[in-house]
Amino acid sequence: MRVELSFGRGTLPVDLPDDVEVTVIRKPAMPVLPDPAAAVRAALAAPRHLPPLQHFAREHGSACILICDITRPVPNGLLLRPLVESLAAAGLPLDAITVLVATGLHRPNLGAELAELVGDPWVLRHVRVENHDARDDAQHEDLGLTPHGTPVKLDRRFTGAGVKIVTGLVEPHFMAGYSGGRKVIAPGIAHRDTITTFHSHRFMAHPLADNCVLEGNPLHREQLAIAALLGPVFCVNTVLDEHRNLSFVNAGELVASHQEAVDFTQRHARVPVARRFGTVVTSAAGYPLDKTYYQTVKGMVAPLSILAPGGTLVIASECSEGMGSPEYVEAQRRLVELGPEGFLRSLEPKRFADVDEWQTQMQVKPLRAGRVELYTTGLNDQARALTGVALADSVEQAVSRAVAASGDRAVAIIPEGPYVVPVHSPA
């Protein structure tokens with residue numbers, strides 16, 4: 001049997017022998033909006049719990065629009081020009097409108113990559129498009145502390161804007177429950193101190209800091225507390241199907257509109273599965289998420305509910321940009337040197353996490369659950385030694401080893417990776 005895994009900008013064909021019992025796990029069929037541009041315009045004209053953007057913006061002299069960085073396939077080419085034109089129709093001059101890339105602690109998006117991210121040359125010609133820098137102290141406004149003690153420092157270009165707009169993609173997120181909405185603000189445009197506080201061990205180790213969980217999730221709680229300090233925020237939420245078609249779009253007040261998008265996403269992204277498997281094959285969702293090994297960890301965590309104890313998780317990820325940040329490479333070096341349990345113990349005393357070590361902390365979850373094998377084409381020998389997992393010459397080879405080790409010929413395949421969260425639900 002041949003299956004196609006999301007891989008880079010295309011797919012990776014995997015040929016499995018006929019005597020393997022394959023269960024392919026996908027989202028249920030999602031609606032596709034027949035006219036995406038019209039759907040965006042309709043959402044802006046009829047937002048949830050806020051007046052239409054053109055009316056919402058009339059009393060203000062400036063605007064800042066947040067967009068996710070290159071790691072998220074948000075359809076910015078559909079969203080940004082209608083947003084800018086609505087603001088201009090409300091009387092805002094184009095030079096008073098800023099599009100701000102919510103990079104969190106990721107690297108900036110520049111040049112051709114920025115043009116790809118924005119998706120519309122008209123926007124690049126007519127308004128400022130800039131990157132957030134979480135390490136630039138002077139660029140952030142200190143808004144105090146949340147009730148649970150998280151320092152709130154956010155990019156002044158957003159806090160000082162008369163009209164605050166957030167755009168994003170709502171999908172499962174392995175720490176924050178779901179992406180989009182409040183998450184585009186924090187960590188998106190937060191200072192390093194804010195990010196490294198709520199990405200510290202005490203937050204990451206919480207059992208409800210997990211995929212598809214908002215109720216009781218400490219990250220979600222802190223993100224809502226931070227957003228509440230900003231006054232009205234206009235939010236545009238999108239949901240895509242497996243082929244990156246627009247399936248859902250809405251707009252409105254940040255919390256209510258995001259929750260509506262979460263409710264839609266949850267009906268499709270959480271897939272009940274009746275059994276566990278000794279072998280689970282998945283991906284890192286393809287481009288742009290599988291550009292780095294850092295992001296690949298999300299694909300390792302999402303299917304753990306259906307992995308039999310001690311089973312093998314096989315993941316395919318292109319990793320075309322290598323490992324990720326230098327800080328992440330250092331965290332992985334510590335993981336390899338200390339082992340998973342020693343690495344976790346080293347995190348416990350810290351108030352602030354080291355940059356990007358939270359992703360390594362999350363990798364401990366699959367390492368505790370069983371064996372992880374990685375197929376990749378983008379890592380050199382030095383990087384491969386720092387993955388902390390086994391390396392496979394092919395997915396087929398890894399599956400053959402896993403089936404032989406488990407004695408279970410049933411294999412689960414999740415082509416779309418972490419955008420699908422299988423949940424063990426015995427009949």
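**Close-up views of a parallel strand group and two cavities**

**View 1. Strand β16 is mostly covered in this predicted model.** Of the ten residues that make up β16, which spans residues 307-316, eight are buried. The view is centred on this strand, and its neighbours are described in the two legends that follow.

**View 2. Strands β15 and β16 pair in the parallel sense.** Six bridges connect β15, residues 277-283, with β16, and one pair to look for in the close-up is threonine 282 with its bridge partner in β16, isoleucine 315. The two strands also belong to a β-α-β unit in which α12 is the helix, and this unit, made of β15, α12 and β16, is right-handed.

**View 3. Strand β17 runs parallel to β16.** Here β16 is joined by five bridges to β17, which covers residues 371-375, and leucine 313 has valine 372 of β17 as its bridge partner. As general background to a view of this kind, side chains in a regular strand alternate between the two faces of the sheet.

**View 4. The largest cavity holds about 340 Å³ of space.** A search of the whole structure finds three cavities of 30 Å³ or more, and the largest cavity is lined by 28 residues, with Arg72, Thr103, His106, Lys183 and Pro187 lying nearest its centre. Two or more lining residues come from each of the elements α7 (182-185), α12 (293-301) and α14 (357-369), and α12 provides the largest share of the lining, namely three residues. Helix α12 therefore appears in two of these legends, as a contributor to this lining and as the helix of the right-handed unit with β15 and β16. By residue class, the lining of the largest cavity divides into eleven nonpolar, eleven polar and six charged residues.

**View 5. The second largest cavity holds about 130 Å³ of space.** Its lining consists of 16 residues, and those closest to the centre of this cavity are Lys27, Val170, Glu171, Leu240 and Tyr419. Strand β12 (234-240) and helix α11 (254-269) each supply at least two residues of the lining of the second largest cavity, with α11 giving the most, three residues. Sorted by class, the residues lining the second largest cavity comprise nine nonpolar, two polar and five charged.

Methods:
Residues numbered from 1 in each chain as written. Predicted model: local features only at pLDDT ≥ 70, side-chain atom pairs only at ≥ 80, totals over all residues. Heavy atoms only, no water. 1 Å grid on protein atoms, 1.4 Å probe; cavity = no way out; pocket = protein on both sides within 12 Å on 5 of 7 lines; lining within 4 Å. Points joined across faces, edges and corners; volume = space filled by probe spheres on them. Helix = DSSP H or I, 4+ residues; strand = E, 2+ residues; numbered from the N terminus. Nonpolar A, V, L, I, M, F, W, Y, C, P; charged D, E, K, R; others polar. Buried < 20%, exposed > 50% of the residue type's maximum accessible area, 1.4 Å probe, protein only. Pairing = 2+ DSSP bridges. Right-handed = clockwise from strand over helix to strand, strands pointing away.
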